[in-house]
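Me: I'd like a close look at the salt bridges in this model. Which side chains pair up, where do they sit, and are they buried or exposed?

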Amino acid sequence: MGSGGRTGYALPSQGMNTASQAPWHALSTEEVLAALETGTRGLSGEEATARLKQYGPNRLKASPPTSPFKLFLDEFRSPLILVLIASAILLFLVAAIGNNPDQNVDAGLILAIVLFNGILGFIQNYRAHRGIEALKRLTAPMATFLRDGRRVTAETSLLVPGDVVLLEEGDRVPADGRLIEAYDLRLDESALTGESLPVAKTPRPLPEDTSLAERANMVYLGTVVMRGRGRFVVTGTGMGTEVGRIAEAIQTAEERPTQFQREVADLGKRLTTIIALLILLIAVLQLTLGHLTLLETFVTAVALAVAAIPEGLPVVLTLALAFGTRRMLERQALVRSLPVVEILGSAQVICADKTGTITEGRMSLRYLFWEGRLLEVTGGATATDGGFLEQGRPTDQRENLALLAGGLCNNAHRDPDQGFQGDPTEVALLVGAYKAKIDLDAYVRVDEVPFSSERRMMSVVVQQDGHRFVFSKGAPEVIIDRCTRLYTPEGLRHLTEEEKDRLLAMNNQLAGQALRVLALAYKEDPVSGREELEKDLMFLGLTGLSDPPREEAKTAMAVAFRAGIRVVMITGDNRLTATAIAKEVGLEGECVEGRDLDDLSALALEDVVKRVNIFARAEPRQKLRILRALQRQGQVVVMTGDGVNDAPALKGADVGIAMGIRGTDVARDASDMVLLDDNFATIVAAVEEGRRIFANIKKFVNYLLIGNFAEVLVVLVASLFGYLPITAIQILWINLVTDSGPAVALGVDPPAPGLMSQPPRRGGVISRGMFGLIISIGVVKAGIILLSFALGLLFDFKTAQTMTFTAFVVQEYLRLGVLRYQERTSFFANRWLVIAVAVSLALQMVLIYTPVGDLFSAVPLGPWPWLILLGGLVIGFIAGLRMTDIVVRHLGAI
């Protein structure tokens, strides 16, 4: 591992004291400095150079880049593609042995389609593997630290364990470390821990079992200083930081093939076996019956091989998935990998991060206790068009002194271009004043007593029309203790001890709902000195603030539940907040903290994840354990998130979904899909689109394999009588041209009614019902075509062969009619399908009635052959519908 191996545990370093094995946050500042053999003046230049050689630079190690050439070659690893390549080689051999250049054309067509599919898949799947590069961008390029007792500003890569780093407001923390000084220091750690509020920091030691999110004396790489200043001693750099461990988890996360990818691979293997058996069967039959020469036997075997392979399937599948990604993009979901489109539709569990995913990711004023009444605040966290409700009825609050106090005792501001800026809590109070349409510009600030962690309050002095006012906000118990009067609808009155107890009880009631509670107070015309400003105040009210659920989250949850999808909330927030937010969006049940999972065996953990839907104080490694426990149970798991802490789970999930607006680069680059609108409801819409795509994949796989099975039967049975009823190039024309168009059109079929009222799929693409339908309809189709061939022989062999060739195209209507009958929808529900069938029929007409037909050994057909073909279509359609009913009744749904 990289430099600074100890980020929470003793660092076994040369020349360093390793006697104490307690975590850094459990040690006093003196013990930390002694363990790292440093002091408050920092390291000497000589010692820092030695440690830099020992531990290496403060950088994240990058995983080896994947070359575009390797990504391109990966497109040709599918067994189905390898079978096609092998078939092309066989045709080249036939051309060479039999001196038949036509077979070179056939082989060239197969290789062209393989190459086209490879290029298409490469373009769609190619993405920059920049997960570690994004993590590197979290490292501040410059930092200020002490060397030989002097302040030095230099590249962060020079930092080593033992360096003393200085932090100011707005700085990004350049390494992991233990605080030795903190002055009103607050850090935004949401990207790492999921904590939605800035975290107050202190250098005091903490218990050993303190969770990552609660280690108030530690700072971590990539977090941001929101307020105050401080100093810390570096305990971990590079890959030895918390972010470094996440980077390592991303590099080692296992990428599993989707169920459909496994099925396609299995189909290729089965086809290889079938082709080998067919060639062996033809060889044995011809050697015993002797109808064909050895070369003709070889050509027939190759024709059977070509008939058995759905050459158009790889391209149709790739195009269908690509069209699906385009539709998802229209619904604000950016898919970064084609297989994700299919697997998303089979999602059984959505593991959602709370902050910024289920919630808005910003503080909002939710409740206001004013004049003895509890008001509910409506509207978004930064939307000024909300209002105030009293027992469900709107109420005008333009004269509300509590909201005025919250807006004036405030250092946030509203930027014309960037909106509200500042501390999240102060932004929430400022937005509340704007919602009440209070005129804040009528007041001018003339003095301020800033907030401090010791005083736990803030006050400002403002002036209006020659009058001065003091407005204060802070911890309820602190503000209430400084108040002597109470503002009521009837006027001012003395604040008694009994009333103070009632106010503290209301504070506890609001805090019990996972709200952050602040008290507001004021007084008029202060004439005393500054030390008297915060005495003898008049109590105004209490504010309840929180990071609220998105308005659409509850609806999206209900849709997911109706679709049989389980939602699990995993957050870095505390148990109380997690439970409160979960209840608001419809998630009920027990809440378990991440540290409670650490000592559980794999079996015990699986039992927990079966019954628990809410996890609080979860660290990255715990999120990954939850994910893997679900996957071991055979669940298809979707993981959503936006922070650095979500990246390993996003990478390891069946589908990792990152937020596009609030999400970090790390999360986006580790994900399979990005929500461009950060809207939880978009996930449900994407699942619906995934289900639609999978249903359409089943349709065109059904469509193509029925055709291929019928081709194999026709060639095999006719060859037993010494005939080759259709040539390899004619089969290629059917498979690649006339069949592929309708198959692609099936890929954009509209969704079936009630798609999101069905449980997630558990079966594969080729179910028992579909297999039965492929066999039964294939036999019906082959029987009709063989009969057409036999009747065609009454005219001549070329006419019979052309009738067979054209019958496969005409019988498209049989297969499509059966598909539409299965789902009880109109044949004209998809105009692209109607167009595709018409075009394929038109192309067939051009081929047999123009000189182009000579290339395909086809001849024009007269009225009688067409009458035979249309009669076969009617018989086949009636038989096909009957067969469908029988298959569904005995083998289940298709």
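Reply: Here's a walk through the salt bridges, with some notes on the whole chain to set the scene.

A bit of bookkeeping to start. This is a predicted model, so to speak of local features a pLDDT of at least 70 is needed, side-chain atom pairs count only at pLDDT 80 or more, and totals for chains, interfaces and linings use all residues. Residues are numbered from 1 along each chain as its sequence is written, and side-chain values use heavy atoms, with hydrogens and water left out.

The chain has 31 helices and 28 strands; these are DSSP runs numbered from the N terminus, with helices being H or I of at least four residues and strands E of at least two. Of its 894 residues, 57% are buried, where buried means under 20% relative accessible area, exposed over 50% and partly exposed in between (1.4 Å probe, protein chains only).

Now the pairs. Side chains of opposite charge can pair when their charged atoms come close. The rule used here asks for a side-chain nitrogen of Lys or Arg within 4 Å of a carboxyl oxygen of Asp or Glu, and by that rule there are 35 salt bridges.

Take Arg327 and Glu689: their side chains meet in a salt bridge at 2.6 Å, N to O. Arg327 sits in helix α11 (residues 313–330) and Glu689 in helix α24 (residues 680–719), so to speak of distant parts of the chain is fair, as the two are 362 residues apart. Both Arg327 and Glu689 are buried.

Arg456 and Glu477 also form a salt bridge, again 2.6 Å from N to O. Arg456 lies in the loop between β16 (444–449) and β17 (457–464), and Glu477 is in helix α16 (residues 476–482), so this pair ties together parts that are 21 residues apart in sequence. Arg456 counts as partly exposed, at 35% relative accessibility, and Glu477 counts as partly exposed at 36%.

Then there's Arg820 with Asp749, whose closest N and O atoms are 2.8 Å apart. Arg820 belongs to helix α29 (residues 812–823), while Asp749 lies in the loop between α26 (740–746) and α27 (768–792), so the salt bridge ties together parts 71 residues apart in sequence. Arg820 counts as buried at 5% relative accessibility, and Asp749 counts as buried at 1%.

Finally, some salt bridges share partners: Glu214, Arg575, Glu593, Arg595, Asp596 and Arg617 are joined into one network that way.
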